[in-house]
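The following exercises concern backbone geometry. Please examine the sequence and structure before working through each solution.

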Amino acid sequence: MKSLVLAEKPSVAKEIARVLGCHQKHKHYMEGPGYVVTWALGHLVTLAEPEEYDPKFKNWNLDDLPLLPSRMKLKIIRETTPQYKAIAQLAKRGDLEQLIIATDAGREGELVARWIMEMIHWKKPFKRLWISSQTDKAIRDGFASLKPGPSYDPLYRSAVCRAEADWLIGLNITRALTCKHNAQLAAGRVQTPTLAAMMDRELEIKAFQAKDYWMLRAQFGSFQAVWRSQAHPDGRLFDKAAADALLERLNKVRSAKVAQLKVTEKSEPHPLAYDLTELQRDANKRHGFTAKQTSNVLQRLYEQHKLVTYPRTDSRYLSSDMVSTLPDRLKALNVQPYAAWIKPLLAKPLPVSKRVVDDSKVSDHHAIIPTDERPQLHNLTAEERKLYDLIVRRFIALFSPAFRYDETSVTLEVGGEHFHTKGRIVKEAGWKALYEAGVSAGADDDDDTTEDEPASRQTLPPLQPGMELKEFRLSQHKQTTKPPGRYTEAALLAVMEKHNLGTPATRADIIEKLLQTDTIERRMNTLQPTGKGAQLIELVVPELRTPELTAAWEQELERISKGKGDAGKFMESIRKQTEAIVREVKASEAEYKPHNLTHSRCPECGKPLQEIKSKRGKLLVCSDRECAYKRAAEPALSNKRCPQCHKRMEIHTGKAGKYAQCRPCNVIEMLGESGGGGRAAKRQQTQLAKQYSDNVSLGSSLEEALKAAMEKHKKD
């Protein structure tokens, strides 16, 4: 008898099949002496659409809402039907005694497998492969210690609740808003409070009023100090006259005295290991990666290269059963540029502290760390190399000493006023030595200085209390208060994590969904709401804007996954909430005014056209949702270059046919049926010229040659 193994992706199935010795390759599965390995393509099964409950729901109608099916139906995804049918056929084989779920070890992976099992009516026993890396050893060890499948029933229930809650809340609120305001408006239980957090920041920025202030600084040879007083603890003076008077008075003083000097020994322990959200934040800060980009690159490092452990984790600690594997992981990293740090660590027992290993803080998966696979760095892309480098340095830092330094705080008295400064002397670089070569230590390594004071890392000369300093120079600096900054992707991820909005596995997708629906936009390295997003947040019911409700849902889903929560009660509360939300939208008197209307009119219904962004560029779409008219907002470009400015010319169609136009130069040239100049058009023109003229010289201006040839043909 054999076991049917269900992986989540073909690439993972291929690796599992190789390790298990399944060498018979078929279109939809691989087979060996003891196993048949097949795969999903992500989800093969999903929740049914409203029209599959009743055909009338295909048309969006406010009166039909809320849609609250008593029992949610499943459907096979049309695009992946052949693979589903192949799995269903395999399930009928009499020589298969059990199924082994080998999808991703998480909530979503469990859902992928269980829904397929439900649709194919799997009644035989099943087990669970639960591994945190894709190395050959991890796969072999995992199959040697398979877990009972029903042990993960709570995780499955949690996954179903999450999917059904998103369907009920997201579908109903989106349909309600869209029908009510005749505009494509999307909302959801996680994306809406995320948008609200961004909108709150936008309102803070708009309400902000800049003010000028003045700072007084003293330069004592090699170091600098800032004036402060009890009345002005931050040293800011908003009264120019007072700042001038203070500077004028102190300029008459000829010496300064060291009033206080305090040396404090300080240390900074190494940062914690990465979970997914922290890694996304760090990659965004250091390399400008988007959260989705980090997820995609990390998945390749996990699946394809097998260099890192399970990516979608929310833990920043390791479990105690991993301690014995740590030396092998470090040995695998004993390559350039990491060898110099690895060798000293391997020479003695590893210092494993509670900041590294803590079973109480590891749930389904431990932190993201390197595997014991020796990296072939030359096989990695630039993106993969950068992300892997962050993970490796953070891993090595876990076993490195604390960063230790002496911080000297000095108060200098000048004419009865006090100037303050700090300096530090590094005693042991510790884990920070890993980041000396221009690589920042990461999101945990926050700079404790501000623009209003000298860096605390400046070097101070030998000083003693009571010492007099004769040489110093005072200066006044005008500055302006700044509004709060717009969120970078790293900062937004931190806000989502703080308020329990989504999970590490879903936060990147939430941000992408907001971008795709034109609710927020990227500008340089920041994110901000669009005009559509600003209005949407006003139209959504208040309880869906706040993070508290969504955070409570996420916490309950977590309780359900651990077998502590009640799935039935959770879904009952979601249904009641859905009813309340739809009721409020129906009763609302708010209006939506499209922010992106153009002056162009729809040729079919006469209503204004909206300009929207799509993957293929900007589109003009009718503002009436019932009208299906749309066209490209920007004309297509031909391969023909303008003879004056040499830029590509636009393609237009007029009464005489297609023509190329350069608007800035007002140059127009007719195009042949081939449509656009370039090599094909030049070849056609050359052939025509040769056909009608035996002795014309073809230079750079083929058009002139063609005209000459045509004229000769007419005369003949």
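**Exercises on backbone geometry**

Lys306 lies in the loop between α9 (291-303) and α10. The model is predicted.

**Exercise 1.** Determine the sign of phi at Lys306, and decide whether Lys306 is buried or exposed.

*Solution.* Step 1: most residues other than glycine have a negative phi. Step 2: Lys306 is not a glycine, yet its phi is positive, at about 60 degrees. Step 3: a residue counts as buried under 20% relative accessible area. Lys306 has 6% relative accessibility and is therefore classed as buried.

**Exercise 2.** Locate His646, state its phi, and classify its accessibility.

*Solution.* Step 1: His646 is placed in the loop between β23 (637-641) and β24 (648-654). Step 2: the phi of His646 is positive, near 65 degrees, although the residue is not glycine. Step 3: the exposed class requires over 50% relative accessible area. Because its relative accessible area is 52%, His646 is exposed.

**Exercise 3.** Assign the peptide bond from Leu65 to Pro66 as cis or trans, and identify the loop that holds Pro66.

*Solution.* Step 1: most peptide bonds are trans. Step 2: omega from Leu65 to Pro66 is near 5 degrees, and the bond is cis. Step 3: Pro66 belongs to the loop between β5 (45-47) and β6 (74-76).

**Exercise 4.** Assign the peptide bond from Gln336 to Pro337 as cis or trans, and place Pro337 between its flanking helices.

*Solution.* Step 1: the bond from Gln336 to Pro337 has omega near 10 degrees and is cis. Step 2: Pro337 sits in the loop between α10 (326-332) and α11 (339-346).

Technical notes:
Residues numbered from 1 in each chain as written. Predicted model: local features only at pLDDT ≥ 70, side-chain atom pairs only at ≥ 80, totals over all residues. Heavy atoms only, no water. Helix = DSSP H or I, 4+ residues; strand = E, 2+ residues; numbered from the N terminus. Buried < 20%, exposed > 50% of the residue type's maximum accessible area, 1.4 Å probe, protein only.
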